[in-house]
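Q: Before any detail is discussed, may the structure be displayed? A tutorial on reading its features can then follow.

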Amino acid sequence: MKKTISIPLVALCLFIGQTLTGQSYTSKQIDSIVNKSMNIRPNAGIAVAVVKDNEVVHLKGYGVRSIHTKEAVDENTLFAIASNSKAFTTTALAILVDEGKLSWHDKVVDHIPEFKMYSPYVTESFNIQDLLTHRSGLGLGAGDLMFFPDGSNFTIEDVLQSFQYQKPVSAFRTKYDYDNLLYIVAGEVVSRVSGMSWADFVETKIMSPLGMDRSVGVYQRLQDKSNVAFPHSSQKGQLKQLEHYTKSDEALGAAGGIYASVKDLSKWLFLNLDKGKYGEDSNKQLISENNHKEIWQPHTNIEFNVASRPPYNTHFRSYGLGWHLSDRNGYIVAEHTGSLPGMLSRTILIPELKVGIVVLTNTDPGSYSSSTIASTIMDAYLGVEKTDWIANADKRLKESEAESDSAITAVWQTVEKAKSTQIDYSNFVGTYQDNWFGKVDVFLKDGKLWFKSYRSPKLNGEMFFYKANTFAVKWEYRDMPCDAFAMFTLDENGKAIGIKMKGISPNIDFSFDFQDLDLKRIDK
């Protein structure tokens with residue numbers, strides 16, 4: 001006769017809760033997750049690192065660095081980590097604060113006298129933390145068009161001069177709107193205070209002590225390019241290899257220039273999980289515990305709900321200094337994503353569980369593997385009910401692609417129907433200028449109307465009459481879908497005197513901020 005054991009209901013619930021919370025996937029299971037993501041949509045390569053309790057539990061590459069060479073991704077393959085670089089910039093500033101060379105509340109103009117915002121009050125009040133917290137009053141991605149697509153000749157001096165011409169969309173310090181250009185200014189603060197370039201500082205003061213020996217501040221600084229992932233696009237379900245995104249000025253890397261491997265980034269995860277400590281037995285301090293706490297302090301509210309939201313029972317989302325912060329199933333999670341043409345990445349840290357996850361991919365969008373794989377692994381540690389993030393992403397991508405395809409197709413169908421419309425192109429030909437973006441030309445080429453930017457050479461393309469005073473511009477640059485409308489303002493004689501612009505696709509990347517341009521004719 002078998003002996004039965006009676007377990008009180010409360011104890012049983014506690015037991016089940018304990019078995020759910022803090023579970024993790026084995027390396028073999030992570031392999032399966034990655035393979036599922038790679039098989040559902042075209043992906044070139046992926047690299048994953050997972051750390052727990054001061055140990056690396058998974059470190060591996062998948063797929064290829066290049067669809068042309070077919071060379072395999074491994075744990076040492078370098079990827080562009082894009083905006084995951086922002087946390088390196090805030091750490092660089094924390095080092096300077098620890099050294100007594102800087103205060104988080106220093107005014108920016110005290111270090112960069114020529115820095116000028118859209119109003120004297122904001123200029124005078126703007127402090128170091130305002131550079132890092134996306135609460136400037138400017139809109140999402142304001143000014144990014146200076147660097148998207150790459151190949152432009154804008155410099156740090158141009159960035160510093162640009163803000164006075166940008167138009168705010170909210171009151172200073174009242175609303176979250178993600179930006180990149182102010183992180184470039186933060187990098188310039190690092191340079192002026194330390195006497196070293198931002199890239200030199202990050203490589204010397206952060207990467208070198210941590211043993212991130214293969215990583216660099218920007219692509220141009222790579223001496224050994226034998227194991228670097230090439231970016232790829234997967235538009236229309238086909239993989240296309242792209243050129244590496246580069247900036248004309250190394251100082252511009254502070255917002256998103258770093259190239260790193262998952263092996264190197266595992267050391268970065270340990271540093272942050274150990275409150276700024278590193279080395280054997282965590283016996284060295286890169287930044288003080290107080291300043292690491294400041295970096296993970298909520299500075300800008302993004303969202304707050306008294307009633308929690310599934311699947312993580314989340315109450316708040318905020319931005320610290322280079323990190324997104326939220327509560328998930330009772331734990332604070334610090335994370336960030338990164339996106340450049342053909343490169344996506346995500347970093348997740350769960351400090352109380354001593355868990356760190358980083359996923360790097362060289363395909364955009366692929367199957368959004370950097371996000372879905374990271375979420376799947378995170379959920380196991382958080383002990384929440386499983387969600388099929390990979391299938392969900394596939395569904396969202398299909399819906400997004402259908403929406404974009406429908407909108408774009410409708411535009412070009414309208415253009416086709418308007419071909420018989422008689423247009424006097426001479427009314428639109430001329431040179432126009434925006435105060436922060438510079439000059440553009442609208443000109444005739446083989447009897448067709450064309451658009452050309454002086455400072456961003458890849459923004460050139462034929463202009464097709466759409467309707468009224470609006471033309472659709474099809475850029476020669478095709479690495480990302482970013483075709484745009486050009487809407488002319490006419491004077492009383494029907495001659496163009498200005499241009500407003502906006503993206504054609506409803507899902508255009510926010511860094512193509514055509515809507516922020518105010519082009520005025522200057523050759524009257």
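A: Helices (H or I, at least four residues) and strands (E, at least two) are DSSP runs, numbered from the N terminus. The expected span of a helix is 1.5 Å times one less than its number of residues. The model is predicted: local features need pLDDT of at least 70 and side-chain atom pairs count only at pLDDT 80 or more, while totals for chains, interfaces and linings use all residues. Residues are numbered from 1 along each chain as its sequence is written, and side-chain values use heavy atoms, with hydrogens and water left out.

Q: What span does helix 7 reach from its first C-alpha to its last?

A: Helix 7 has 14 residues and reaches 20 Å, close to the 20 Å expected at 1.5 Å a residue. Just after helix 7, Gly195 takes a positive phi of about 80°.

Q: How many residues of helix 7 are buried?

A: Buried means under 20% relative accessible area, exposed over 50%, and partly exposed in between, with a 1.4 Å probe and protein chains only. In helix 7, 13 of the 14 residues are buried, and the helix is mostly covered.

Q: Why does the span of helix 8 agree with expectation?

A: Helix 8 (residues 198-210) has 13 residues, which should span 18 Å at 1.5 Å a residue; its end C-alpha atoms are 17 Å apart, and therefore the two agree. The bend at a residue is the angle between axes fitted to the seven residues ending there and the seven starting there. At Thr204, helix 8 bends by about 30°. Gly211, just after helix 8, takes a positive phi of about 80°.

Q: Which residues of helix 8 are buried, and what covers them?

A: An α-helix has 3.6 residues a turn, so residues three or four places apart point the same way. In helix 8 the buried residues are Trp198, Ala199, Phe201, Val202, Glu203, Ile206, Met207 and Leu210. Contact means heavy atoms within 4.5 Å. The cover over these buried residues includes helix 3 (86-98), helix 7 (181-194), helix 9 (262-273) and strand 7 (277-278).

Q: How is a pair of aromatic rings described?

A: It is described by the distance of the centres and the angle of the planes. Rings of Phe, Tyr and Trp (its six-membered ring) pair if their centres lie within 6.5 Å; planes under 30 degrees apart count as stacked, over 60 as edge-to-face and the rest as tilted. A search of the whole structure finds 25 aromatic pairs. For Phe512 and Phe514, the centres are 6.2 Å apart and the planes at 20°, so this pair is stacked. Both Phe512 and Phe514 are buried. Ring pairs link them with Phe148, Tyr245, Phe451 and Trp475 into a cluster.

Q: Is Leu145 buried or exposed, and which residues does it contact?

A: Leu145 lies in the loop between helix 5 (120-125) and helix 6 (156-162). Leu145 counts as buried because its relative accessibility is 0%. Neighbours within four places in sequence aside, its contacts include Phe437, Phe512 and Phe514. Leu145 and Phe437 are 292 residues apart in sequence, yet 7.7 Å apart in space, C-alpha to C-alpha.

Q: Is Lys293 buried or exposed?

A: Lys293, in helix 10 (residues 289-295), is exposed, with a relative accessible area of 56%. Lys293 and Pro113 are 180 residues apart in sequence and 29 Å apart in space, C-alpha to C-alpha.
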